[in-house]
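Hi everyone, thanks for making time for this. I'd like to walk you through one protein model and show how I read it, piece by piece.

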Amino acid sequence: MERAELLKAIRSKIVEGQIATIYPAPLAFQRHGGGDLCRACNEPILGNNVSIRYRIGRGEHHSFHVVCDAVRRTVAAKILSLGVLMTS
Ligand SMILES: [Zn+2]
């Protein structure tokens, strides 16, 4: 997924509440993806992709590629600093 596309996808997911602007500390950094889908780009986290996993509730987790999570933080910071949810 291209960066511009990823930014757009992440922004709309945050707006729709599918992913959070702020997560508690990551549950785990995993050196090898376990095939979980990345919440940001919807692609499986495989092979030697490092991933970050956050616990969001009882037995529920959100996993991200490290790169996707970095983009998520950037987008979230922008949304939070503007104080509005931009939809386009
Ligand atoms: Zn991803």
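I'll start with the overall layout, then go through the sheet, the core and a few single residues.

Okay, so keep in mind that this is a predicted model. The average pLDDT for the protein is 85, and 89% of the residues score at least 70. Confidence varies along the chain, though: α1 has the highest mean pLDDT of the elements, at 93, and strand β1, residues 28-30, has the lowest, at 71. So when I talk about β1, remember that number of 71.

Now the layout. You'll find 2 helices and 3 strands here. Walk along from the N terminus and the elements go α-β-β-β-α. The protein has 88 residues, and 23% of them count as buried. Here's another way to look at the fold: take the contacts between residues at least 6 apart in sequence, and 51% of those join residues at least 24 apart.

Next, the sheet. In what order do the strands sit in it? The order is β1-β2-β3, in an open sheet with antiparallel pairing. That leaves β1 and β3 as the edge strands, each pairing on one side only. On average, neighbouring strands in this sheet are turned by 30 degrees against each other, if you ignore direction.

Let's look at the two pairings one by one. β1 and β2 are joined antiparallel over 3 bridges. If you want to find them on screen, Phe29 has Ile52 in β2 as its bridge partner, and Ala28 is partnered with Arg53, also in β2. On the other side, β2 pairs with β3, residues 60-65, again antiparallel, over 6 bridges. One of the pairs to look for there is Arg55 with His61 in β3.

β2 and β3 also make a hairpin, with 2 residues between the strands. Within that hairpin, Gly59 takes a positive phi near 70 degrees. Then there's the second helix: α2 lies across β2 and β3, and runs at about 100 degrees to β3.

On to the inside of the protein. The largest nonpolar core has 12 residues, among them Ile10, Ile14, Ile19, Ala40, Ile52, Tyr54 and Val75. Which elements supply at least two residues each? Those are α1 (3-15), β2 (51-57) and α2 (66-82). α2 gives the most, with 3 residues.

Let me zoom in on three members of that core. Ile14 sits in helix α1. Why does Ile14 count as buried? Because there are 21 C-beta neighbours inside 10 Å of it, and the cut-off for buried is 20 or more. If you leave out its neighbours within four places in sequence, Ile14 is in contact with Ile19, Thr21, Val75, Ala76 and Ile79. Measuring tools on your screen should also give you 9.5 Å between the C-alpha atoms of Ile14 and Ala40, which are 26 residues apart along the chain.

Ile19 is one of those contacts of Ile14. Again setting aside neighbours within four places, Ile19 is in contact with Lys13, Ile14, Arg39, Ala40, His62 and Arg72.

The third one is Tyr54, over in strand β2. Is Tyr54 buried or exposed? Tyr54 counts as buried, because it has 20 C-beta neighbours inside 10 Å. Not counting residues up to four places away, Tyr54 touches Tyr23, Pro24, Pro26, Leu27, His61 and His62. Look at Pro26 in particular: it is 28 residues from Tyr54 along the chain, yet their C-alpha atoms are separated by 4.6 Å.

Last stop, a residue with an unusual label in my notes. Asn42 lies in the loop between β1 and β2. Its phi is positive, about 65 degrees, although Asn42 is not a glycine. Why is Asn42 classed as exposed? Because 11 other C-beta atoms lie within 10 Å, and a residue with 12 or fewer is exposed.

So, to recap: we have a predicted model, a sheet in the order β1-β2-β3, and a largest nonpolar core of 12 residues to which α2 gives the most. That's it from me, thanks for listening.

Notes
Residues numbered from 1 in each chain as written. Predicted model: local features only at pLDDT ≥ 70, side-chain atom pairs only at ≥ 80, totals over all residues. Core = buried A, V, L, I, M, F, W, Y, C linked by C-beta atoms within 7 Å. Helix = DSSP H or I, 4+ residues; strand = E, 2+ residues; numbered from the N terminus. Contact = placed C-beta atoms within 7 Å. pLDDT = per-residue confidence, 0-100. Pairing = 2+ DSSP bridges. Axes fitted to C-alpha atoms, helices over the stretch in contact; angles between N-to-C directions.
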